[in-house]
Structures are given as C-alpha cells and as structure tokens.
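Biologist: Could we go through this structure together? I should like to begin with the strands and then turn to the empty spaces and the backbone.

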Amino acid sequence: MDADVVVVGAGLAGLVATAELAGAGRRVVLVDQQPLTDLGGQAFWSFGGLFLVDSPEQRRMGVRDSAELAWQDWAGTAGFDRPREDLWPERWARAYVRFAAGEKRAWLHSLGVRFFPVVGWAERGGGLAAGPGNSVPRFHIVWGTGPAIVAPFARQVRAAVDAGLVRLAPRHRVTRLTTTGGVVDGVAGDVLAPDGAARGEPTSREVVGEFRLGAQAVVVASGGIGGNGELVRRWWPESLGTPPARMLTGVPAYVDGSLLEAAERAGVSLVNRDRMWHYTEGVENHTPVWPGHGIRILPGPSSLWLDATGRRLPAPNFPGFDTLATLRHLRSTGHDHSWFVLTRRIIEKELALSGSEQNPDLTGRDVRLLLERLRPGPPGPVAAFTERGSDFVVAGSLDELVAGMNRLTPEAPLDLDVVAGEVRARDRALDNEFTKDAQVTALRQARTYRGDRLVRVAAPHRLLDPDAGPLVAVRLRVLTRKTLGGIETDLDGRALGPDGAPVPGLFAAGEAAGFGGGGMHGYRSLEGTFLGGCLFSGRQAGRGAIEAT
C-alpha cells in the first residue's frame with residue numbers, strides 16, 4: 001500500500017478529511033489534478049458565508065433562532081419528496097442542522113475562525129412560515145472570507161506533510177477507482193504536465209505519464225459539475241424546461257465532474273443528479289480568471305426585477321428571496337436574461353458582489369477599507385463593475401436607460417411604455433404608508449432588522465426620485481454554481497451502492513456527495529450551507545475512513 005488512505009480532491013472537503021486522518025496518525029496521499037496553487041479549490045474563491053443557528057452574533061443583533069426553527073426552514077426549503085433517493089439526504093440534513101446549532105461554531109472558533117459581526121439574511125423565502133427560505137438572518141460571513149476558512153485546514157495538512165504523514169500529489173488526475181474482490185483499494189489515472197498558471201486559471205491537460213496508488217480506503221472529494229457546461233445541460237432539471245443557451249460560469253473549469261462517472265463505474269449509487277443550484281443574478285466578470293467567468297450579485301431587497309420583456313417578476317420572486325422559484329419563472333419566459341432597475345442610492349447600500357476577490361476589505365481583514373462601505377458611493381469593486389462591466393447601464397432618465405438596455409439586447413428590445421408602467425406603479429406604492437405591493441412591504445420590514453438597516457437595505461425611495469439618481473440597469477444571466485446531488489453516502493461518509501449497502505473501502509465528501517448523503521439540500525439551499533456542508537461531510541468521511549483503517 002502507498003498509504004492508509006488516498007483522498008481525491010484538495011478542495012475544502014478534501015483538506016478537512018485529510019486533516020482528520022493525519023490527526024489520527026493515518027498516512028495519506030492527497031491527489032488533485034490541479035497545481036498546488038489551487039489548494040482549497042472553490043472555497044478559496046467564496047464569500048465565506050456559513051449557516052449557523054442561535055449564534056452569539058445572531059443574539060447580539062437581536063435575532064432569536066433555534067434548532068427547531070432552523071429545521072422547519074430546512075425541510076420547507078429542501079422539499080424532500082423521493083422516498084428512495086432522499087432517505088440519506090434527509091438524515092444528513094437533520095444531522096447538519098444539529099451540527100450548525102451545536103458544535104460547529106465552537107469547533108471553528110478553536111481553529112482561529114472569526115466572524116463579521118453583522119449576520120446576513122439570505123434566501124428570505126417564499127412568503128409562508130413553513131415554506132422555503134430563512135425565517136431569520138443566519139448568513140455568517142467569515143472574517144477573511146473564503147481564504148480564511150481554507151487556511152486552518154491547509155495549515156494542518158502542511159504540518160502533516162512536514163511530519164511525513166501526508167504526501168501531496170498535484171497534477172495527478174484520477175480516471176478510475178481500482179478494486180480487488182469488490183473492495184476499492186486505490187486509484188489510477190494520468191500524470192499531467194507541470195503548469196504555472198495562477199489560481200483558478202485553466203491548466204494544461206497534457207498527459208506525461210500514468211500512476212496508480214494503493215490504499216486501504218479512498219475518499220472522493222472531487223467536487224461537482226458547475227464548470228462543465230455539457231454535464232450541466234445533460235442533467236438540467238426537466239421542471240425548469242430547457243437550459244439557457246448561454247450561461248455564465250461561477251466556478252473554475254476544473255470543476256468538471258469527471259470522477260462522478262468513474263465512481264459510478266465502480267459500483268457507486270449517484271442520486272439526485274437533476275438537482276442543481278444555479279444563481280439568477282450573474283454578471284460577466286470584467287477581468288475574467290476562467291472561461292465564461294461570472295460573478296453573482298448579492299442583492300438587497302429594493303431593486304425592481306424585470307424579465308426580458310420589461311415586465312416585473314411576480315411575488316415572491318424578489319431579489320434575494322427564492323432563487324429556485326425565480327429561476328423557474330425566468331426559464332418560462334423563453335429568454336436567457338433579465339434586468340435589475342435601481343438607483344445610485346440602492347447601489348451604494350445594497351449591491352454586493354459574491355467572492356473573496358470582490359470583497360478586499362473583508363478578505364484582507366482591513367477595517368479601514370471596510371469603513372468605506374459606510375461612506376457615500378459604492379464600494380470600489382461595485383464601482384468598477386458599474387464603470388467597466390458589460391452588463392451595466394447608467395443613465396440620467398428612464399428614456400435614456402431603456403435605450404441603453406436595448407443596445408445591450410437588440411434581440412429582445414424593451415418597450416419604454418411597459419418599463420415605465422412598472423417603474424411608476426412601484427413608485428406609487430412608496431407614496432403611501434399602505435400598499436398591496438409585497439416587495440415594498442418586505443423592504444420596509446427588512447429595515448426593522450438592525451443589520452439590514454445598518455449595511456444592507458437602503459431607505460425606501462422612488463426609483464424616479466431625481467435626488468436618488470442616476471438610474472442603473474443591470475443585465476442578469478444564469479450563473480452555474482453548485483451540484484446538489486451526487487454520491488450516496490451514509491452518515492459515516494461511506495459510499496453506497498444501488499442496493500444501499502456500503503461499497504467497501506470507499507468514502508465521499510463535499511460536493512461530490514451532494515454535501516452529504518447525495519443531496520442534503522434537497523431542491524434548494526438556505527445559503528451559507530455549501531462551505532458548511534464541505535466542512536461537515538469532510539470531517540465525517542475522514543472519521544469514517546479512520547475507523548476503516
């Protein structure tokens with residue numbers, strides 16, 4: 001044997017599993033097709049949001065939360081409805097909510113992870129208490145964003161390398177799992193040519209050799225399919241109709257899903273492959289790192305959301321409320337884009353961008369830079385997109401704005417009267433303290449939460465208020481991101497076969513396992529749960545592999 005355990009994938013789940021194994025004295029080979037510059041995978045690029053329940057940060061912000069309320073929200077959001085394929089995902093979901101309400105924060109705190117004091121309110125839901133969405137704010141931003149959540153586990157792994165317990169094998173692409181007598185006993189694949197590309201950039205796929213590694217157990221933590229447009233389209237949910245002709249890509253190209261099919265060939269059960277989490281608020285990155293690189297706008301609740309014909313999206317499809325319902329509605333329009341219409345005043349307070357590189361103040365833990373968010377004007381990265389982004393239109397009047405929007409999408413010209421009608425109807429709803437407009441009611445209610453009032457939700461105002469201008473329009477497209485289904489696993493991270501029995505010697509974690517069980521999120525995410533799913537499933541799989549070796 002070359003090691004006690006081979007871990008495939010050096011993203012967050014793989015790092016966590018490796019750290020657990022090495023901490024128990026197991027010898028590990030950590031294999032990844034990328035160079036060491038990509039250690040940490042997608043998590044490094046993330047905004048660093050984590051789902052926590054009844055945390056000190058929540059209590060300081062006046063938020064009352066509980067495990068019971070969190071489970072109500074999770075179950076209503078996930079919509080588990082497949083007796084066979086949702087058996088383990090629902091068990092994982094229950095275990096994860098207990099983890100998020102219990103030891104998760106203390107465990108991370110012991111590793112040096114700290115949190116921004118204002119808790120965000122993502123996925124505000126569909127309007128009913130037992131339906132989709134978060135009843136209360138639960139989105140805890142790591143101080144230092146994605147790199148800071150990767151760092152403690154990368155440190156543990158590098159310390160284990162120095163101690164001789166872990167060997168790093170970059171540029172090793174696993175193409176198959178090896179078995180003997182029905183037991184997974186290693187991996188095999190291609191050695192790729194060295195590549196000095198910067199983090200996230202595409203790398204060479206030139207093969208310069210082959211390899212084979214033997215071990216008592218293998219942990220698959222190779223990620224999902226978000227960077228592979230062909231697989232996204234192949235497994236696109238029937239309930240959403242046809243996939244967009246053009247989508248932006250929210251993850252690097254190496255997130256290709258190639259090992260999922262190799263695992264299936266080794267006898268693994270892949271479940272819920274048609275469940276995905278793609279965002280509807282994608283804009284093209286003005287400085288792309290990977291092909292088709294898109295950035296997600298993290299919207300506050302005030303922007304007017306119009307479809308490609310200029311008509312307002314129906315309730316509850318407001319910015320930041322119900323991603324899946326919004327995606328389903330937009331796919332029904334027959335167009336691949338939609339629009340935000342907002343003002344300078346809204347942009348200054350509400351238009352945030354997802355990703356570590358788009359938030360240098362939080363990522364760099366720079367308090368002085370962070371305080372600039374409280375001053376007039378949009379944050380620097382947002383201003384850069386407003387000025388340089390190909391999806392942004394800025395104008396002094398509604399006529400000029402619509403003309404600029406039509407220059408961006410001549411294939412779907414907007415009627416000025418239709419757009420003006422929607423804008424003026426929304427503005428009239430703000431002229432009276434009484435309204436039937438659910439979005440206006442929601443943004444007024446959001447201002448009662450201290451965190452939203454301080455840093456997230458602009459004071460309600462008319463879009464055509466000249467003092468709030470200029471007007472801004474943002475063209476939005478679908479942005480691929482997360483795979484919600486994957487390798488079916490039990491709560492020890494053991495990969496299961498179609499008969500429900502463990503595949504001997506094989507474990508799975510992270511996005512490759514649907515963040516646990518083959519899809520612990522069900523159909524939807526409450527947000528802040530992807531990194532947490534990697535942490536929890538990586539730890540469980542690592543501990544399961546310890547017991548097996």
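Modeller: What follows is a discussion of a predicted model.

Biologist: Let us begin with strand 2. Is strand 2 largely enclosed by the rest of the structure or not enclosed?

Modeller: Strand 2, residues 28-32, is largely enclosed by the rest of the structure, because 4 of its 5 residues are buried.

Biologist: How many bridges join strand 1 to strand 2, and in what sense do they run?

Modeller: Strand 1, residues 3-8, is joined to strand 2 by 4 bridges, and the two run parallel. Within that pairing, Val 5 stands opposite Val 28 of strand 2.

Biologist: Which unit do strand 1, helix 1 and strand 2 make?

Modeller: With helix 1, residues 12-23, the two strands make a right-handed β-α-β unit.

Biologist: And over how many bridges does strand 2 pair with strand 5?

Modeller: Strand 2 pairs with strand 5, residues 166-170, over 5 bridges, in the parallel sense. Val 28 stands opposite Val 166 in strand 5, and Val 28 also stands opposite Val 5.

Biologist: Changing topic, how many cavities of 30 Å³ or more are found in the whole structure?

Modeller: The search finds 5 cavities of 30 Å³ or more. The largest has a volume of about 90 Å³.

Biologist: Which residues line the largest cavity?

Modeller: Its lining consists of Ile 225, Leu 231, Trp 235, Leu 260, Glu 261, Leu 270, Arg 273, Thr 483, Gly 485 and Gly 486. By class, that lining has 5 nonpolar, 3 polar and 2 charged residues.

Biologist: What about the pockets? How much space lies in the second largest pocket?

Modeller: The second largest pocket holds about 360 Å³ of space. Of the 20 residues lining this pocket, Trp 121, Arg 124, Gly 125, Gly 127 and Phe 321 are the closest to its centre.

Biologist: Which helix gives the most to the lining of the second largest pocket?

Modeller: Helix 17, residues 438-446, gives the most, with 4 residues. The whole lining of the second largest pocket divides into 10 nonpolar, 8 polar and 2 charged residues.

Biologist: Now to Phe 318. Where is its place, and is it buried or exposed?

Modeller: Phe 318 is in the loop between strand 13, residues 304-307, and helix 10, residues 323-332. Its relative accessibility is 7%, so Phe 318 counts as buried.

Biologist: Leaving aside neighbours within four places in sequence, which residues is Phe 318 in contact with?

Modeller: Apart from those neighbours within four places in sequence, Phe 318 is in contact with Trp 305, Ala 438 and Gln 439. As for Ala 245, 73 residues apart from Phe 318 along the chain, the C-alpha atoms of the two are separated by 24 Å.

Biologist: That loop leads to helix 10. Which residues of helix 10 are buried?

Modeller: Thr 323, Leu 324, Ala 325, Thr 326, Leu 327, Leu 330 and Arg 331 are buried in helix 10. That is 7 of its 10 residues, so helix 10 is largely enclosed by the rest of the structure.

Biologist: What covers the buried residues of helix 10?

Modeller: The cover includes strand 11 (276-284), strand 12 (294-298), strand 13, strand 14 (337-343) and strand 17 (471-483). Just after helix 10, Gly 334 takes a positive phi of about 85 degrees.

Biologist: Let us turn to the backbone. Which peptide bond to Pro 316 is cis, and where is Pro 316 placed?

Modeller: The bond from Ala 315 to Pro 316 is cis, with omega near 5 degrees. Pro 316 is in the loop between strand 13 and helix 10, and Phe 318 is in the loop between those two elements as well.

Biologist: And what of the peptide bond from Gly 469 to Pro 470?

Modeller: That bond is cis, with omega near 10 degrees. Pro 470 is in the loop between helix 18 (450-455) and strand 17.

Biologist: What is the phi of Arg 365, and what is that of Glu 527?

Modeller: Arg 365 has a positive phi of about 50 degrees although it is not a glycine. Glu 527, also not a glycine, has a positive phi of about 70 degrees.

Biologist: Where is each found, and how does each count by relative accessibility?

Modeller: Arg 365 is found in the loop between helix 12 (360-363) and helix 13 (367-371), and at 43% relative accessibility Arg 365 counts as partly exposed. Glu 527 is found in the loop between strand 20 (502-508) and helix 19 (530-548), and at 7% relative accessibility Glu 527 counts as buried.

Terms used
Residues numbered from 1 in each chain as written. Predicted model: local features only at pLDDT ≥ 70, side-chain atom pairs only at ≥ 80, totals over all residues. Heavy atoms only, no water. Buried < 20%, exposed > 50% of the residue type's maximum accessible area, 1.4 Å probe, protein only. Pairing = 2+ DSSP bridges. Right-handed = clockwise from strand over helix to strand, strands pointing away. 1 Å grid on protein atoms, 1.4 Å probe; cavity = no way out; pocket = protein on both sides within 12 Å on 5 of 7 lines; lining within 4 Å. Points joined across faces, edges and corners; volume = space filled by probe spheres on them. Nonpolar A, V, L, I, M, F, W, Y, C, P; charged D, E, K, R; others polar. Contact = heavy atoms within 4.5 Å.
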